[in-house]
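Please walk through this protein chain and its ligand with me, moving from the overall division of the chain to the details of its parts.

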Amino acid sequence: MITTADIDYGPQPELKDQYDVIVMGAGPGGSVAASIIAEAGYSVLLLDRSEFPRFHVGESLIPETYWTLKRIGLLDELKKSNFPRKHSVQFVSEGHKESAPFYFEDYNPHECSVTWQVERGTFDKMLTDQAVKKGTVFRSDASVTEVLFDGDQATGVKAKLATESDVPHREISSRVVVDSTGQSAFLVNRLGLKDTDPCLKKGSIWTYYKGALRDSGRDAGATIILQTEGKKSWFWYIPLSDDVVSIGCTGDMQYLFDKSRGTTEEVFAQEVERCPALKRRIMNAEQCEKFFVTKDYSYKATCPAGPGWVLVGDAGGFIDPCYSTGVFLALKSGEFAADAIVGGFRNDDLSAEQLGGWRETYNRGVENFRRLVYAFYTPGFSFGEFLKKYPQYKSNMVDILIGDVFKDGVDEIFKEMEPMMRERSEAHQMAKKSTSSM
Ligand SMILES: Cc1cc2nc3c(=O)[nH]c(=O)nc-3n(C[C@H](O)[C@H](O)[C@H](O)COP(=O)(O)OP(=O)(O)OC[C@H]3O[C@@H](n4cnc5c(N)ncnc54)[C@H](O)[C@@H]3O)c2cc1C
């Protein structure tokens with residue numbers, strides 16, 4: 001597993017002074033956008049500040065990633081990879097009540113229903129290689145320090161090149177700048193466009209184990225989402241290749257990073273104690289990496305595009321890790337943005353409306369994920385109880401879990417779910433009040 005890059009940038013391609021498009025950030029969002037634009041015949045410069053492969057969190061894909069991966073021609077390579085196949089997701093409530101897995105292929109018997117658990121270092125490198133094959137110029141030694149504007153029109157970037165320490169900064173111009181800098185959210189921070197989600201002030205602590213328990217057959221690669229007793233936090237359990245499992249704990253920042261609880265290691269161990277179903281799975285396993293921590297990652301951009309610039313992936317917003325939607329949304333927004341840019345070149349229109357016109361459709365899909373995330377965190381609410389009462393909505397729920405969120409009618413589930421969430425939340429608050437006054 002790659003966590004710390006041994007920085008050897010290797011040979012880097014020649015840089016020109018001008019490109020049609022500069023893509024800043026070579027995660028899944030940036031690489032897909034670069035691939036599609038380069039394939040359409042335009043010159044693309046993809047810049048990243050880390051030598052690839054580089055470590056990144058976010059290993060579990062959801063089935064609907066298939067279509068973008070197919071479009072850029074990566075399916076054959078993925079099929080040949082040793083990434084574990086993910087057929088399902090399974091939920092464990094209150095630390096030990098295990099649901100039956102949701103098998104995606106039961107709802108859609110197409111090969112897209114089996115997806116992958118990926119080491120992001122390897123996966124993201126596959127994506128950048130694909131972008132290069134399509135004609136993208138990729139520099140992995142370039143830290144973007146400024147986006148250049150003429151008025152409100154983006155005109156290029158300034159970058160510091162690690163392999164050219166004698167050159168202070170390079171100015172490179174372009175007709176369009178794509179910001180796909182992930183959680184660094186370069187333009188969102190520079191232009192003051194950040195709208196954080198007050199309901200999702202969460203953080204995560206994660207690490208990797210070798211030799212943890214795996215189910216057999218098609219369950220071997222399942223993602224397991226395990227809530228702890230009292231529902232104050234939850235764990236992801238993502239089986240990777242080489243017998244490694246990614247295990248992370250997510251909870252309210254105040255709760256997870258309360259200093260009086262001790263060190264990161266101690267807090268993680270306390271949460272494992274509250275989750276017998278996880279404890280059982282890692283009993284004979286060995287931790288094989290350090291602990292990683294991240295927090296306050298849920299936000300959206302108040303404006304997704306401007307003249308000559310557009311935001312893609314996490315750079316334009318992130319919801320929450322609970323349904324593993326991040327890579328899917330990065331790929332999808334990369335695809336939407338690329339199509340808008342190519343359309344803009346053809347019609348000589350690089351306005352905000354042209355470059356960000358896809359956002360309305362996209363945001364409708366994102367909101368479906370967000371509403372299901374709110375349900376997940378609503379105290380007293382249970383998906384099991386909801387589906388028992390409203391079995392007709394099981395397919396809507398699976399649609400959202402697989403990422404089929406842009407389809408009409410998928411949000412009908414919330415007509416019944418949200419009143420039930422409010423009811424359960426109020427009952428939970430009342431019960432809490434009466435216990436504390438006793
Ligand atoms: C705790 C946690 C768990 C998660 N688990 C999952 C999961 O299981 N499945 C899932 O699908 N998603 C998951 N995600 C989300 C996922 O990691 C992201 O949504 C996804 O990586 C976004 O892709 P991206 O292309 O937008 O950005 P990134 O993948 O973050 O790539 C951004 C790139 O930009 C580069 N960059 C940044 N600033 C600059 C700069 N100034 N100059 C040059 N380069 C720059 C960085 O080096 C990086 O390579 C998780 C997120 C968190 C926080």
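The paragraphs below take up the domains, the ligand, the core, a sheet and a helix in turn.

The model shown here is predicted, and its protein chain is divided into domain 1 (18–73 + 119–195 + 299–357), domain 2 (87–109 + 202–295) and domain 3 (379–436). The C-alpha centres of domain 2 and domain 3 lie 22 Å apart, and the contact between these two domains takes 7 residues from domain 2 and 7 residues from domain 3. On the side of domain 2 that touches domain 3, the residues fall into 4 nonpolar, 2 polar and 1 charged.

Where does the ligand lie with respect to domain 1 and domain 2? Both domains give residues to the shell around the ligand, and it therefore lies between them. This shell has 40 residues, of which the closest are Gly 27, Gly 58, Gly 182, Gly 313 and Gly 326. Helix 1 (28–39), strand 9 (142–150) and helix 9 (326–347) are the elements that give two or more residues to the shell, and helix 9 provides the largest share, with 4 residues. Sorted by class, the shell around the ligand consists of 15 nonpolar, 21 polar and 4 charged residues.

Helix 9 returns when one turns to the interior, for the largest nonpolar core has 115 residues, and the largest share of this core, 10 residues, again comes from helix 9. The residues with the most contacts inside the core are Ile 22, Val 23, Ala 33, Val 44, Leu 46 and Val 178. Taking Ala 33 as an example, and leaving aside its neighbours within four places in sequence, one finds Ala 33 in contact with Val 23, Val 178, Ser 180, Val 312, Gly 334, Ala 337 and Ala 338.

An open sheet of 3 strands, with the order 12-19-22, has antiparallel pairing. Strand 12 (194–196) and strand 22 (317–318) stand at the edges with a single partner strand each, so one side of each is left without a neighbour in the sheet. Strand 19 (residues 299–301) is joined to strand 22 by 2 bridges, and Tyr 299 stands opposite Phe 318 in strand 22.

Helix 13 (residues 394–402) has Asn 396, Met 397, Asp 399, Ile 400, Leu 401 and Ile 402 as buried residues. The buried residues of helix 13 pack against strand 4 (88–93), strand 6 (102–103), helix 11 (359–377), helix 12 (383–389) and helix 14 (413–436). Just after helix 13, Gly 403 takes a positive phi of about 105 degrees.

Technical notes: Residues numbered from 1 in each chain as written. Predicted model: local features only at pLDDT ≥ 70, side-chain atom pairs only at ≥ 80, totals over all residues. Near = placed C-beta within 6 Å. Nonpolar A, V, L, I, M, F, W, Y, C, P; charged D, E, K, R; others polar. Domains from an automatic or database assignment. Pairing = 2+ DSSP bridges. Core = buried A, V, L, I, M, F, W, Y, C linked by C-beta atoms within 7 Å. Buried ≥ 20, exposed ≤ 12 C-beta atoms within 10 Å, placed from the backbone.
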